[in-house]
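Trainee: Hi! Could you walk me through this structure?
Mentor: Happy to. Let's look at it together.

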Amino acid sequence: MTPDFYSRLPKAELHLHIEGSLEPELMFALSRRNRIAIPFASVDDIRAAYRFTDLQSFLDIYYAGAAVLQTEEDFHDLAAAYFDRAAADGVVHAEIFFDPQTHTHRGIPMGVVLDGLFAAIEGARSRHGMTVELILSYLRHLDEEDAFATLRAAEPWLDRIVGVGLDSSERGNPPAKFARVFAASRERGLKLCCHAGEEGPPAYIREALDLLAVDRIDHGNRALEDPALVARLARTAMTLTVCPLSNVALRNVDRIEDHPIDRMLDLGLRATVHSDDPAYFGGYIAENYRAVAEARRLSRDAVVTLARNSFLGAFLDDAALADHL
Ligand code: ADE
Ligand code: ZN
């Protein structure tokens, strides 16, 4: 398969944190535009700091970087840059996470974040013909009351938000902590996603299924440690949004050559490939496909299955799904 096969293959992006698409160049430009100090003297300095030992070591830098995002225009510019890259990578439909608490805790109103994102989404539609949905992700290192406050703050815009997610520091913050706010989110008609089994144990994936009743699991790699859980995920065709370059950057997988993506497919799991935080992990979605496909010598059929799974796992209605398959 030629390198451009991966970028031409139509696909859905289901696991992308918009704050994780903040490239060092834009971080630097926004720190100047908004006069927000960052602890880096240059773009190269920023890139040099991207050596992670685990999820928390990344999150510390990711939250610090997000501080340069201040205005509606900043959120627009961030997302517009992402959509341009995604379109070049063959993304025709994107369901992207945003972390409102990262911004509201700094005094940035929810409406500033959302109006900037909505403007960029409109641009993605008109410039690239891309369809885009937003997923509001709760930060799991904060308490459930804070998540409830975030849901309330988003109330005026919920008809333009497809679902909620749960991200940030996984260990010590099990899905059970958010059972009530997920139930309230579902009552409002929102779809439910949860990062689980990235660093946390298989028990967290079970909790996401049993206590949160999620529609999608983000990552899910550690399900492989539990054969009965794998069988359940396969039987129920639960989508796992897997992020190969993220797994290597955060040391959940030693080397890309060791990535279990083909094992997941062989076990009958509905695995898909995504980019997580591409500005930090070294590649957008097509590069994730290329890197893992070459390292694992995936067949063309396997790569096409991954792309097909991305549409099957998307929150598309039947007519839109049929258009993509
Ligand atoms: N927030 C942004 N990226 C994340 C990841 N890979 N895991 C958990 N929280 C995140
Ligand atoms: Zn993620």
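Trainee: How far does a polar side-chain atom of H17 lie from a nitrogen atom of ligand 1?
Mentor: The distance is 3.4 Å, which fits a polar contact (a pair of N or O atoms within 3.5 Å; within protein, one must be able to donate a hydrogen and the other to accept it, and residues adjacent in sequence count only if both atoms are side-chain atoms). Before we go on: this is a predicted model, where local features need pLDDT of at least 70, side-chain atom pairs count only at pLDDT 80 or more, and totals for chains, interfaces and linings use all residues. Residues are numbered from 1 along each chain as its sequence is written, chains are lettered from A and ligands numbered from 1 in the order in which they are written, and side-chain values use heavy atoms, leaving out hydrogens and water.

Trainee: Which residues are around ligand 1?
Mentor: Among them are H17, L55, F58, Y62, H195, E198, H219 and D276, where being near takes a heavy atom within 4 Å. A polar side-chain atom of E198 lies 2.7 Å from a nitrogen atom of the ligand. For D276, an N or O atom of the side chain is 2.7 Å from a nitrogen atom of ligand 1.

Trainee: Where does E198 lie?
Mentor: Look in the loop between β5 (191-196) and α10 (202-210). Helices (H or I, at least four residues) and strands (E, at least two) are DSSP runs, numbered from the N terminus.

Trainee: And what is the nearest side chain of opposite charge to E198?
Mentor: That is R140, 6.6 Å away. Lys and Arg count as positive and Asp and Glu as negative, while His and the chain ends are not counted. E198 has no salt bridge, meaning a side-chain nitrogen of Lys or Arg within 4 Å of a carboxyl oxygen of Asp or Glu. The side chain of E198 does make a polar contact of 3.2 Å with that of H219.

Trainee: Back to D276. Is it buried or exposed?
Mentor: D276 is buried, with a relative accessible area of 2%. Buried means under 20%, exposed over 50%, and partly exposed in between (1.4 Å probe, protein chains only). Its phi is near 60°, a positive value in a residue other than glycine.

Trainee: What about R251?
Mentor: R251 is not a glycine and has a positive phi of about 65°. This residue is exposed, with a relative accessible area of 55%, and sits in the loop between α12 (244-249) and α13 (261-266).
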